[in-house]
Amino acid sequence: MIDEQYIKSLPLTTNKIEVIFDQDAFFSKYAIVSYYGTNKESKNLAYEQFADKPCLSVTGIRARWGNLRFPETRFFILAKKGDEAEVLNSLRDYDFVSSKYDTLEEYDDKLKMRIIASLAINSLGKKKSNKMMYNDGSLLVCDDKNFNVPKSRKELVCLKIEVNEYMNLIARTTSFSNPSSYKELSKRKNCVFHVGKDVGGYLWEGQSVKPIVIREVKNDGYNLQELYVQKKKYSNNKNNVPYWPYNKENYTHGKLFVIWQIVQLVNESFNGVVIIKFCDFNVLHYDECRSGKEMMLFMQNYLDGRTIFIEDPFKTDYSKSIAKQFKNEARIIIGDNLLFTEKPSGNDMVVKLCEPREKEQSQTYYTQSLERLSHSGNALQHIIISGNEKDDAIDKASARRILIELLVKDSLVKGNLPVQLTRLIQKWTFYRYKINNGTVHGASFFVNTKGDIAIQEYGLGQNRLGDDFESFVQNNLNYYDCDKIRGARDYMAMKRNGNVYLIIDTDEIPILDVSQINDAYDDVVNRGETIALFKRKSNNEAHKYLRGYIGFHLWKSDGIDGESNGSYSYISGTNSENMQITQGTKMDKMPRARRIFILHQENPSTVEAEIMEIVEMLKFGFGRWNELMTYPFPFKFLQEYLDNVCETVFSKHWKEITYSGEL
């Protein structure tokens, strides 16, 4: 039995930071010099130009400065009081650089705190004998276990620590490898790194990774095994530093303990002049919805008596075996009333077997069916077969996913939504769009009381011309500070009763209590406890250690203009039954929060009820099985629709539409 009141009584801590800044004390000890490039070709300075200058740290902050319409990066240099003149004079040697002493008074509080926090964090990697900076000055750290990446990878895996525009402290995985030859070293000599000073404390110990100046490359002049360039050795695999490896020998070698240690080191280093704290939030709503049972009934009802035609252009024994696997698994899931036909007819759903889609191939079985929604008026789902039995095998989970995709596509083809979904989104309009080269491409989605789907396209005509961005935002979202929501995102907006909501991923994640986790591991190591204690339901142990990771949490956050409690945030976490906490497993990723910004209000009294309607729209299994969705379910239908139209119009998937790429 879930004790919701107990769970709601616990503060939800996230990586959103609060910065306490004693301005008078700070500027009595330190000074800041800021600069930016006035020449488009020279927006940045090579940091070797600061190698002999007495600076403590540098940060590059991308934001909209003053009256600028578009964001740009400006740089801030932290120096000891008295050293700022030397730093400033060194910048005055460059005609394309505008620089000044900066007291930060002209910036709003949020931007000011972001600058201060970034300078303080980046200073942790500095060493007196090595004043080089990396790129925008960000702190790069590694550790002696290489964050548990297998030694066979032969890569240096690091975390890049940054404070983003929403004041979230984030740690991104960055991979390095040794130069393969002196020729490569010569080619990359302006961006070569080595392991620098020790960084750490009682929570985690590691090292900073710093660039070095290589002015001339001579064979045998360097040990290539001690130098690194920013590249992956194996491009087909993605390194990822886990949030929390559960093994009792390695549990500190993940993002969680690194982030906590960085905050602790800043607070110790600046001794009360700058203090960084993670923010706590009061939970408004908690839920542990398990969508699997209802989703299964929903699928069975929808597909009862329906017919699937498997189109197999290969007609080999292997392809026939894949088709048979899917048939068997699909019948186990749905039952014998799901029919399969050997000959196509007008009302079938179609599953087509295809080879992998390779860029160099102009004609494949996949490209021959790009116009999927117009494929004889049938829902069409591809199964890609590569010839690798392990990769191609159809198990229960993959068959279930194929059936879910067919259900979505069939609803779109028929232009009608099932009644279970229709009743949840009455009077709502949904918008999903991207900005490409200044114009909008996307669509809106609306359903009437009978479930009839109405979709309006934006910028998806055969002429490939997008809609004007500002007109789109003003006319559809009733929002006029358009540049605040102009960016390289897959935007999702919703409208009801004149109220307009925008859902954004801000890279906000829960931050677990490392003190409690440390104490628990002490029991594991010294008192015979097992790490299964972290997921025990008795005495609410799971929520004590994993709050934010399990279940659904809703809370209030800052609004789009920084107003207190002006928006809502939510996390669709993991169901406790799905957790595997053993010595051999790890928490790879922490579920990210989504922020619901309120762009426009005509009926403020209905906002709270509409937020709870949005929560109900997450309780379907169109995403992770048996868990809440990350976004309301209509955006899944919009994604599928946009994917098909973009393949037809642009020969691209929806995910391949980028902010500045060609269409």
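The following exchange goes through a predicted model of a protein, from its overall build to one of its sheets and then to its cysteines.

Biologist: What is the radius of gyration of the protein, and what would a compact globule have?

Modeller: For a compact globule with 663 residues, the radius of gyration would be near 26 Å, and the value for the protein agrees with that. Along the principal axes, the C-alpha atoms fill a box of roughly 80 × 60 × 55 Å. The radius of gyration of the protein itself is 27 Å.

Biologist: How many helices and strands does the protein hold, and what share of its residues is buried?

Modeller: The secondary structure comes to 16 helices and 28 strands. Among the contacts with a separation of 6 or more, 72% are between residues 24 or more positions apart. As for burial, where the cut-off is under 20% relative accessible area, the share of the 663 residues that counts as buried is 54%.

Biologist: In the open sheet of 4 strands, what is the strand order?

Modeller: The pairing in this sheet is parallel, and its edge strands, which each pair on one side only, are β16 (339-341) and β18 (380-384). On average, and with direction ignored, neighbouring strands are turned by 30 degrees against each other. The order is β16-β15-β17-β18.

Biologist: Which residues are the bridge partners of Phe 309 and Leu 353?

Modeller: Strand β15 (residues 307-311) pairs with strand β17 (residues 349-354) in the parallel sense over 4 bridges, and the partner of Phe 309 in β17 is Val 350. Strand β17 is also joined to β18 by 5 bridges, again running parallel. There, the partner of Leu 353 in β18 is Ile 383.

Biologist: Why is β18 largely enclosed by the rest of the structure, and how many of its residues are buried?

Modeller: Strand β18 is an edge strand and pairs on one side only. It is nevertheless largely enclosed by the rest of the structure, because the buried residues of β18 number 4 of the 5.

Biologist: Why does Cys 158 form no bond with the closest cysteine sulfur, and how many disulfides does the structure hold?

Modeller: The sulfur closest to that of Cys 158 belongs to Cys 142 and lies 5.1 Å away, which is too far for a bond, since a disulfide needs sulfur atoms within 2.5 Å. Cys 191 is in no disulfide either, as its nearest cysteine sulfur, that of Cys 158, is 12 Å away. The two also have their own burial classes, because Cys 158 at 0% relative accessibility counts as buried, whereas Cys 191 at 35% counts as partly exposed. The number of disulfides in the structure is 0.

Terms used
Residues are numbered from 1 along each chain as its sequence is written. This is a predicted model: local features need pLDDT of at least 70, side-chain atom pairs count only at pLDDT 80 or more; totals for chains, interfaces and linings use all residues. Side-chain values use heavy atoms; hydrogens and water are left out. Two strands pair if DSSP finds at least two bridges between them. Helices (H or I, at least four residues) and strands (E, at least two) are DSSP runs, numbered from the N terminus. Axes are lines fitted to C-alpha atoms, for helices over the stretch in contact, and angles run from 0 to 180 degrees between N-to-C directions. Buried means under 20% relative accessible area, exposed over 50%, partly exposed in between (1.4 Å probe, protein chains only). The radius of gyration is taken over C-alpha atoms; the globule rule is 2.2 Å times the number of residues to the power 0.38. Contact means heavy atoms within 4.5 Å.
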